[in-house]
Amino acid sequence: MDVIRVAGIGLILALLHLFFEQTGKKEFTFFLFVFGYLYMTIEMLRFLRFFFEEITAFFEWLTISV
């Protein structure tokens, strides 16, 4: 689900970028780029947090079972 949500946001931002380029409002494309970059950074941090929680839980399970 997360991958589909990120891909959907990326497609929407790409379409808006093309729209603003065609209408000559290039200053909005910069703000779209910044918004997309911030969104992807936040999502990656969330994914990394989830990943490290899973790794920590695995190592805790590993030390308990040995």
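**A two-helix chain and its salt bridges**

Phe19 is partly exposed, with a relative accessible area of 48%. This value falls between the two limits used for sorting residues, because buried means under 20% and exposed means over 50%. The residue belongs to helix H1, and the model in which it sits is a predicted one. Phe19 also gives a first look at how parts of the chain approach each other: its C-alpha atom is 9.1 Å from that of Thr29, and 10 residues separate the two in sequence.

Stepping back to the whole chain, the secondary structure is quickly described, with 2 helices and 0 strands. Helix H1 covers residues 2–23, and helix H2 covers residues 26–65. The C-alpha trace spans about 65 × 20 × 5 Å along its principal axes. The radius of gyration tells a matching story: the chain has 19 Å, whereas a compact globule of 66 residues would have a value near 11 Å.

What share of the 66 residues counts as buried? The answer is 12%. The chain exposes about 5800 Å² of surface, and carbon and sulfur atoms supply 78% of that area.

One stretch of the chain carries an annotation. An unreviewed UniProt entry places the feature "transmembrane region" at residues 30–48. In the model, this stretch is 100% helix and 0% strand, and the C-alpha atoms at its two ends lie 27 Å apart.

Charged residues add further detail. The chain has 5 positive and 7 negative charges, and the mean positions of the two groups are 10 Å apart. A search of the whole structure finds 5 salt bridges, and some of them can be followed residue by residue.

A good place to begin is Asp2, which takes part in a salt bridge with Arg5 at an N to O distance of 3.3 Å. Both residues lie in helix H1, 3 residues apart, which is about one turn of the helix. Arg5 is partly exposed at 36% relative accessible area, and Asp2 is likewise partly exposed, at 28%.

Asp2 has another partner as well. Arg46 forms a salt bridge with Asp2, and their closest N and O atoms are 3.2 Å apart. Here the two partners come from distant parts of the chain: Arg46 is in helix H2 and Asp2 is in helix H1, with their positions 44 residues apart. Arg46 counts as partly exposed, with a relative accessibility of 31%.

Which residues join Asp2 and Arg5 in a network of salt bridges? Glu43 and Arg46 do, giving a linked set of Asp2, Arg5, Glu43 and Arg46.

Another salt bridge pairs Arg49 with Glu53, whose closest N and O atoms are 3.6 Å apart. This pair stays inside helix H2, where Arg49 and Glu53 are 4 residues apart, or about one turn of the helix. Glu53 is partly exposed, with a relative accessible area of 44%. The bridges described here therefore include both kinds of contact: Arg49 and Glu53 pair within helix H2, while Arg46 and Asp2 connect helix H2 to helix H1; each counts as a salt bridge because a side-chain nitrogen of Lys or Arg lies within 4 Å of a carboxyl oxygen of Asp or Glu.

Notes:
Residues numbered from 1 in each chain as written. Predicted model: local features only at pLDDT ≥ 70, side-chain atom pairs only at ≥ 80, totals over all residues. Heavy atoms only, no water. UniProt positions renumbered as here; feature names shortened; annotations may be inferred. Rg over C-alpha atoms; globule rule 2.2 N^0.38 Å. Buried < 20%, exposed > 50% of the residue type's maximum accessible area, 1.4 Å probe, protein only. Areas by Shrake-Rupley, 256 points an atom, 1.4 Å probe, with all protein chains shown as cover. Lys, Arg positive; Asp, Glu negative; His and termini not counted. Charge placed at Lys NZ, Arg CZ, Asp CG, Glu CD.
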